[in-house]
Amino acid sequence: MDAQRGPGEQREARGLLPGRTNRRRFLLIAGIPLLAAGAGTAYAVWPGPARPGPRVRTDLEPLNARFGPYVGTLGEAHWLGYDIDEKPGSAGSRTVPSPDSRIRLVGVARLAAGGAAAITGRAEYAFAPASEPSALPAELAPYAPAGAAWQHSRQFDAYANHEGAEGRPSGEYHFDTARDLVRFDLLYLYT
């Protein structure tokens with residue numbers, strides 16, 4: 001039947017005329033971007049392998065910015081910052097954020113020489129020897145010295161945990177004057 005058609009009609013029937021395309025080519029051209037978008041979406045929401053828990057951090061800038069004005073400049077720190085509502089081992093795998101985040105900031109940091117004594121010696125805070133502070137996560141246990149003489153003050157906690165630009169934290173600070181250490185365990189609620 002093609003033999004009865006002229007050359008232009010034969011090319012038109014096969015979809016080869018300029019500016020025209022046949023159905024198969026149209027589906028191919030339109031389908032590739034749709035398949036790529038679908039594959040990208042599937043990759044983004046597909047749960048990956050379980051990740052290890054939070055890693056121990058040693059950077060000082062975030063800590064000095066958050067509570068440096070209350071405890072002084074930190075010289076060394078080992079700490080964790082993580083969302084306590086995350087499943088263990090999933091570290092950041094949530095694809096849809098929750099209405100609120102509860103970030104735990106916990107660790108041990110070294111103050112400048114005499115820094116702990118300067119804070120615990122202030123009468124308005126009424127520091128007293130503390131019972132054992134809350135348990136540290138296993139990742140931080142090597143950085144908390146055994147036999148530390150921790151001191152605690154609810155008045156200092158209230159002073160350091162006042163509302164600021166980063167929300168209102170709750171939690172405790174413990175100081176060891178012999179080693180110039182501060183041990184902190186704070187919870188920041190973001191809504």
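Leaving aside neighbours within four places in sequence, which residues is His174 in contact with? They are Ala130, Pro133, Trp150, Gln151, His152, Leu181, Val182 and Arg183, where contact means heavy atoms within 4.5 Å. His174 has its place in strand S5; strands (E, at least two residues) and helices (H or I, at least four) are DSSP runs, numbered from the N terminus. With 5% relative accessibility, His174 counts as buried, a label that means under 20% relative accessible area, with exposed over 50% and partly exposed in between (1.4 Å probe, protein chains only).

A word on the model: it's predicted, so local features need pLDDT of at least 70 and side-chain atom pairs pLDDT 80 or more, while totals for chains, interfaces and linings use all residues. Residues are numbered from 1 along each chain as its sequence is written, and side-chain values use heavy atoms, leaving out hydrogens and water.

Now the cores. The largest nonpolar core (buried Ala, Val, Leu, Ile, Met, Phe, Trp, Tyr and Cys joined through side-chain atoms within 4.5 Å) has 23 residues. Phe67 is among those with the most contacts inside it. A second, separate core of eight residues includes Leu80, Val108, Leu140 and Trp150.

On to charges: there are five salt bridges, each a side-chain nitrogen of Lys or Arg within 4 Å of a carboxyl oxygen of Asp or Glu. Among them:

| Pair | Closest N to O |
|---|---|
| Arg57 and Asp59 | 2.7 Å |
| Arg104 and Asp185 | 2.7 Å |
| Asp176 and Arg179 | 2.9 Å |

Arg104 lies in strand S2 and Asp185 in strand S6, so this pair ties together parts 81 residues apart in sequence. Both Arg104 and Asp185 are buried.
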